[in-house]
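Visitor: I am new to this one. Could you show me around?

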Amino acid sequence: MAVAIRTRVERCRAAHLLVESSRGAELVVVGTHGRTGLRRLVLGSVSGEVPHTAECPVAVVPVPATGE
């Protein structure tokens, strides 16, 4: 089974772009660093926002810990 992968470089909020792209997608995959608290508040959380607003299923994949 072939999987089509598209790469885009944009200057906008990542969550907005992913939700916009979800309109024609079968699946959106986002990574997560697992940030919580103040770091999440300051840096935002794409993986926290996209699953609630995307128009297709979203897979949230944790980034491996350093050294793995």
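Visitor: Which backbone nitrogen does the side chain of serine 22 reach?

Guide: Happy to help, and do keep in mind that this is a predicted model. Serine 22 belongs to helix 1, which covers residues 14-22. Its side chain comes to 2.9 Å from the nitrogen in question, and that atom belongs to glutamate 55.

Visitor: Is serine 22 buried or exposed?

Guide: A residue counts as buried when its relative accessible area is under 20%. Serine 22 has a relative accessibility of 0%, so it is buried.

Visitor: Which backbone oxygen does the side chain of serine 22 reach?

Guide: Let us stay with the serine 22 side chain. It lies 2.6 Å from a backbone oxygen, and the residue carrying that oxygen is valine 19.

Visitor: How many residues make up the largest nonpolar core?

Guide: Valine 19 is one of its members, along with Ala15, Val28, Val30, Val50, Ala54 and Cys56. Helix 1 and strand 1 (28-32) each supply at least two residues of this core. The full count is seven.

Visitor: Which residues does valine 19 touch, leaving out those up to four places away in sequence?

Guide: Two of these partners, Val50 and Ala54, are also listed in the largest nonpolar core. With that sequence limit, valine 19 touches Val50, Ala54 and Thr53.

Visitor: How far apart in space are glycine 48 and alanine 15, C-alpha to C-alpha?

Guide: Glycine 48 sits in helix 3, residues 46-53, and is partly exposed because its relative accessibility is 23%. In sequence, glycine 48 and alanine 15 are 33 residues apart. In space, their C-alpha atoms are separated by 9.1 Å.

Key
Residues are numbered from 1 along each chain as its sequence is written. This is a predicted model: local features need pLDDT of at least 70, side-chain atom pairs count only at pLDDT 80 or more; totals for chains, interfaces and linings use all residues. Side-chain values use heavy atoms; hydrogens and water are left out. Helices (H or I, at least four residues) and strands (E, at least two) are DSSP runs, numbered from the N terminus. Buried means under 20% relative accessible area, exposed over 50%, partly exposed in between (1.4 Å probe, protein chains only). A polar contact is a pair of N or O atoms within 3.5 Å; within protein, one must be able to donate a hydrogen and the other to accept it, and residues adjacent in sequence count only if both atoms are side-chain atoms. A nonpolar core is a set of buried Ala, Val, Leu, Ile, Met, Phe, Trp, Tyr and Cys residues joined through side-chain atoms within 4.5 Å. Contact means heavy atoms within 4.5 Å.
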